[in-house]
Amino acid sequence: MSAPRLRLAVLGATGSIGVNTLKVAALHPDRFEVVALTAATQVDALLAQCERFRPRVAVMASAPHAHELAQKIKDRKLPTRLESGPAAIEAVARDAGVDAVMAAIVGAAGLAPCLAAARAGKRLLLANKEALVVGGEVFLRAVREGGATLLPIDSEHSAIFQSLPEDPATWAARIDRIILTASGGPFRTRAPASLRDVTPEQACAHPNWVMGRKISVDSATMMNKALEVIEARYLFGRARERLEVVIHPQSVIHSVFRDRDT
């Protein structure tokens, strides 16, 4: 007898992480059932996803965009129920019919649904680093008290997570130092005084990766790495002096940790 499919909600489904999550789900229809999708304003992108995956519910953060999508869903006779607004996104995150939540909403707006998923004991796939940066101990307490499983999706933190023993209680004795790498972004070799003249297009032209505009700008300013240091602090319980950042333009290694025994 085959195992039941994992019922998946993708928050931020039309962003780069959401789109790639759905690509994986499409490759393994025997393992994943997409039951809920949310987006901010990209009506046609979410409509195409609803046509492809037939989720039970879709949520637009913006009411006017939800009205537009509702008409298109009706015209195509899709079975998807449409909701709108932040409260509806939180409801999706805690829904009893959802097993796992991909949290890929950009920025602090992702905190409330992440808290809802944590308190409901979901398997929480955390791509929204701002939830940890903003929520900190409040967010971690919600994970503990709700019995949720927190899985970091950020490549740097995921690499560390996969290298550690399964029991987090052993991490403090195991980890001496965590090293996160940074490509340096598109302005790594430029003189600081020249940065006043850069354009948004230049900031988004990352030399190694194709990413959304916000994270591309955060990478160009190195702000993204600062957020990742804070995220690592909460995820792995290491003091700031035990966290390092190394410029690694080739981006071959995303992160490493130094074992206390080495």
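In this predicted model, the second largest pocket comes out at a volume of about 530 Å³. Its lining counts 23 residues, and L150, F161, P168, W171 and L235 are the ones closest to the centre. Several elements chip in: α6 (129-146), β7 (149-152), α7 (155-163), α8 (171-174) and α11 (223-236) each provide at least two lining residues. As for chemistry, the lining splits into 16 nonpolar residues, three polar and four charged.

Two of those central residues turn up again in the aromatic contacts. The count of aromatic pairs comes to two. One of them joins F161 and W171 edge-to-face, with 6.1 Å from centre to centre and 85° between the planes. F161 belongs to helix α7 and W171 to helix α8, so this pair ties together parts that sit 10 residues apart in sequence. How much of each ring residue is left accessible? F161 has 27% relative accessibility and so counts as partly exposed, while W171, at 7%, counts as buried. W171 also pairs with F236, this time in a tilted arrangement, at 5.6 Å centre to centre and 50° between the planes. Here the link runs from helix α8, home of W171, to helix α11, home of F236, so it ties together parts 65 residues apart in sequence. Both W171 and F236 are buried. Put together, F161, W171 and F236 make up one aromatic cluster.

Rings also meet charges in this model. The charged end of R52 sits over the ring of F53, 4.9 Å from the ring's centre. R233, for its part, lies over the face of Y234, at 5.6 Å from the ring centre.

Next comes helix α10, which covers residues 213-220 and has S216, D218, S219 and A220 as its buried residues. What covers them includes α9 (200-204) and α11; α11 also supplies at least two residues of the pocket lining. After α10 comes M222, with a positive phi near 70°.

Elsewhere, T14 is found in the loop that runs between β1 (6-11) and α1 (16-27). Is this loop residue buried or exposed? T14 has 14% relative accessibility, which is under the 20% cut-off, so it counts as buried. Leaving aside residues up to four places away in sequence, T14 touches V19, T38, A39, Q42, A45, L46 and Q49.

Conventions. Residues numbered from 1 in each chain as written. Predicted model: local features only at pLDDT ≥ 70, side-chain atom pairs only at ≥ 80, totals over all residues. Heavy atoms only, no water. 1 Å grid on protein atoms, 1.4 Å probe; cavity = no way out; pocket = protein on both sides within 12 Å on 5 of 7 lines; lining within 4 Å. Points joined across faces, edges and corners; volume = space filled by probe spheres on them. Helix = DSSP H or I, 4+ residues; strand = E, 2+ residues; numbered from the N terminus. Nonpolar A, V, L, I, M, F, W, Y, C, P; charged D, E, K, R; others polar. Buried < 20%, exposed > 50% of the residue type's maximum accessible area, 1.4 Å probe, protein only. Contact = heavy atoms within 4.5 Å. Phe/Tyr/Trp six-rings, centres within 6.5 Å; stacked < 30°, edge-to-face > 60°. Lys NZ or Arg CZ within 6 Å of the ring centre and 35° of its normal.
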